[in-house]
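Colleague: Could you take me through the side-chain contacts in this model, ring pairs and charged pairs alike? I'd like one connected walk-through with the cut-offs spelled out.

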Amino acid sequence: MKAAETRILELRAELDQHNYRYHVLDEPSIPDVEYDRLFHELKALEAENPHLVTPDSPTQRVGSAVLTAFSKVKHEVPMLSLGNAFEEAALYEFNQRVVQTISPLPNDLFSGVNVEYTCEPKLDGLAVSLLYVDGRLTRGATRGNGTVGEDITENVRTVRNIPLRLMDGGWPSVLEVRGEVFIEKAGFERVNAHQIEIGEKVFANPRNAAAGSMRQLDSKISGRRSLKFCSYGIGQVQRDFADTYYGMLQKLKKWGVPISNKLRLVSDVEGCIAYCRDMSEQRLDLPYEIDGVVFKVNNIASQRELGFRAREPRWAIAYKFPAMEELTELLDVEFQVGRTGAVTPVARLKPVKVAGVTVANATLHNMDEVARLGLMIGDTVIIRRAGDVIPQVVQVVQERRPTHARAVEIPQTCPVCGSQVERTQLIKRSKGKETISEGAVYRCVGRLACGAQLKQAIIHYVSRRAMDIEGLGDKTIEQLVDEKLIGSPADLYKLKYEQIIDLEGFAEISSKKLLKAIDDSKQPTLARFIYALGIPDVGEETAKVLARSLGSLDRVIVALPEVLTYLPDVGLEVAHEIHSFFEDEHNQNVIGALLGECQMELQDTGDLGAEFAASATLGGMLDKLNIPSVGPGAAQKLADKFGTLEAVVKADWLDMRQTLPEKQAQAVRAFFDVAEHAQRALAIEQQLKDFGMHWQSEKKVVEGLPLAGQTWVLTGSLELMSRDVAKEKLEGLGAKVSGSVSAKTHTVVAGPGAGSKLTKANELGLKVLDEEAFVGFLKQQGVEVG
Ligand code: 5U1
């Protein structure tokens, strides 16, 4: 075998192994960048040797052809559905029927017979069948009517955790795996955000998003939707390979097929009941939606004995949780004003119980959403609760529209302060072009003169993750604003004891405490301060990145949008938000007052982050200019040939033609012929020099944080500091703080009450510190505690 072929096979085996560890075992052993490196090495080798490309290569998930229709697939073994139970009594009845069939004893002896059951979540997605022939994925199909489905092979191949070939050997030569393709809650939010961005209809729920994605004729679209698969059964097989359902799933897992990590084996129906209760408590916290739990008789011989009724097996049952969707009437639409002045519609509903909670209000996001839904006041609507988030209106029942239904209209003036409401067309910036997107936001122009915006801004400013000023609840802030005692965050620092003690709920001690808490907040970290300012689109993470990378508020304030895009995860749109926030005169005055009269002292490093400082190159900068038809490759060629920006700006297109095709060379010349473009490019370069991150600058950077590259987990309760503070201290030392324990975790800090995370850490032999040892460690690192 030639070297390239050997390496290709090696890379495929290695990537398959990493995919398995990541998707099936949930224990990745290499960082994502290393995975990407291996993947790109394989891609490059396959591009050089196209004859060596095989359909089961990890590079071949997304096909290039767009189908015109799906062909039909006949299921050799019908795909069944499940009988439902809605209350615990129905589970006892189910168990009794099972017991009676598999142990036909006299009635009074039934109670002593225990049947082993498996328990799994019932995922809310799309049932699919995956056919493996000789270990290779050869066909994917929908359930359809249970007998005939549709061929969605191209789409299932894009689902990252579906193995294209089975691992480990020992599988039957024909093996049909069945299960659910679903989308996690976070993925669902992302898909809908994208749908809104491109002006497409949003999906009403994760099930529709998963089903809609699997029924895409263009597999590139399915491939973008972060779908997952979870197996719960088999169809046709060339030979049996397990005596129990649990054992069968373990075999599938060993062969690389993902199964639920919530799968449990219980010894009797009481175990099923306990599982129901446990999962119903966990339901809202799970990363994916479930509509119930499924119980199956574990012993496969018993399953055969029990058989089927119509299309439902007698050996399995789904216990359905209360629906998260309900019908109700839209009584009115009112408008709220948010922190950034956005005027957003809120649905006032005829109160209705949804999964045990009475719902009377639902979010409508914005006027585009109202238009997309085609919503009118008086309509009957479907509302939906998902997790802890505010209920949403997902659909209008058109047939039930009353004759008196009326349109939803945005007010001309702010319902809170009476200022003008302005319509701003959303602008999308990409590749040098600014395109007007379909979306629009309505904003109250009153800003901090608008009571609603001021209240929200102060609530955010004092919040725990921002300036963490304890003792200033929402009600007190409302009172302070309503009584005109504060008009900006800076005014908090001017409050007097006499003013506070007069507020509702305050006495001597609490007033003094509040004054102290305000005073104590005067030395925040730069990251907290940036977050507290409430810049649109800048959450805690972005604030941390800004602080870590730029090192000082002065740099953050002047940073040009293009320079901000060197920050990880900051795109041009967010960069423009940040830039225009600091350009705003009013914001400048508030920041000036905070740092001036209020004597705030920010804790910063003063130096650039090492990664950020190293990120600027001439080629990269030319690429950031978004010169039409010039991509990163051409930009790099220009950089290599001319060496300096000035030389590129001045170059004749005929000179450029020595490295670039004529059309591109002309495009570059035409771009720089526009004086504004050349000036902008030089201004960006100048800023890179001013910051000390220019490719020729000598760099002064913060490097080598002691915990860089380490992942820590905090579990149990901490008594000497809050979890947030502990997290902040660890992040300050360069560690990543994660919520789950895996083989990649470096250290677990376990306080009293630590449960499963501590158990797992001990099982994995990880380093575990109690709080005392943790504080000792922090002190060793020179970190102040308490
Ligand atoms: N977890 C799980 N979901 N689910 C759905 N198991 C399961 N089993 C099913 C279905 C339709 O059918 C069995 C009869 C294989």
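Modeller: Here's the walk-through, rings to begin with and charges after that. The model is predicted, so to speak: local features need pLDDT of at least 70, side-chain atom pairs count only at pLDDT 80 or more, and totals for chains, interfaces and linings use all residues. Residues are numbered from 1 along each chain as its sequence is written, and side-chain values use heavy atoms, with hydrogens and water left out.

A search of the whole structure turns up 10 aromatic pairs. Rings of Phe, Tyr and Trp (its six-membered ring) pair if their centres lie within 6.5 Å; planes under 30 degrees apart are stacked, over 60 edge-to-face, and the rest tilted. One of the pairs is Phe 671 with Phe 672, edge-to-face at 5.2 Å centre to centre and 85° between the planes. Phe 671 is buried at 10% relative accessibility, and Phe 672 is buried at 4% (buried is under 20% relative accessible area, exposed over 50%, partly exposed in between, with a 1.4 Å probe and protein chains only).

Trp 712 and Phe 774 make a tilted pair, 6.1 Å centre to centre with 50° between the planes. Trp 712 sits in strand E25 (residues 711–715) and Phe 774 in helix H32 (residues 771–780), so this pair ties together parts 62 residues apart in sequence. Helices (H or I, at least four residues) and strands (E, at least two) are DSSP runs, numbered from the N terminus. Both Trp 712 and Phe 774 are buried, and ring pairs link them with Phe 777 into a cluster.

Rings meet charges too: Lys 624 lies over the face of Tyr 566, 4.3 Å from the ring centre. The test is NZ of Lys or CZ of Arg within 6 Å of the ring centre and within 35 degrees of the ring normal.

On to opposite charges: the structure holds 37 salt bridges, each a side-chain nitrogen of Lys or Arg within 4 Å of a carboxyl oxygen of Asp or Glu. One of them joins Arg 384 to Glu 325, with the closest N and O atoms 2.9 Å apart. Arg 384 is in strand E18 (residues 380–384) and Glu 325 in strand E14 (residues 325–337), so the bridge ties together parts 59 residues apart in sequence. Arg 384 is buried at 6%, whereas Glu 325 is partly exposed at 28%.

Asp 519 and Lys 522 also meet in a salt bridge, 3.2 Å from N to O. Here Asp 519 is partly exposed at 43% and Lys 522 buried at 15%. Finally, salt bridges with shared partners join Arg 464, Arg 465, Glu 540 and Asp 724 into one network.
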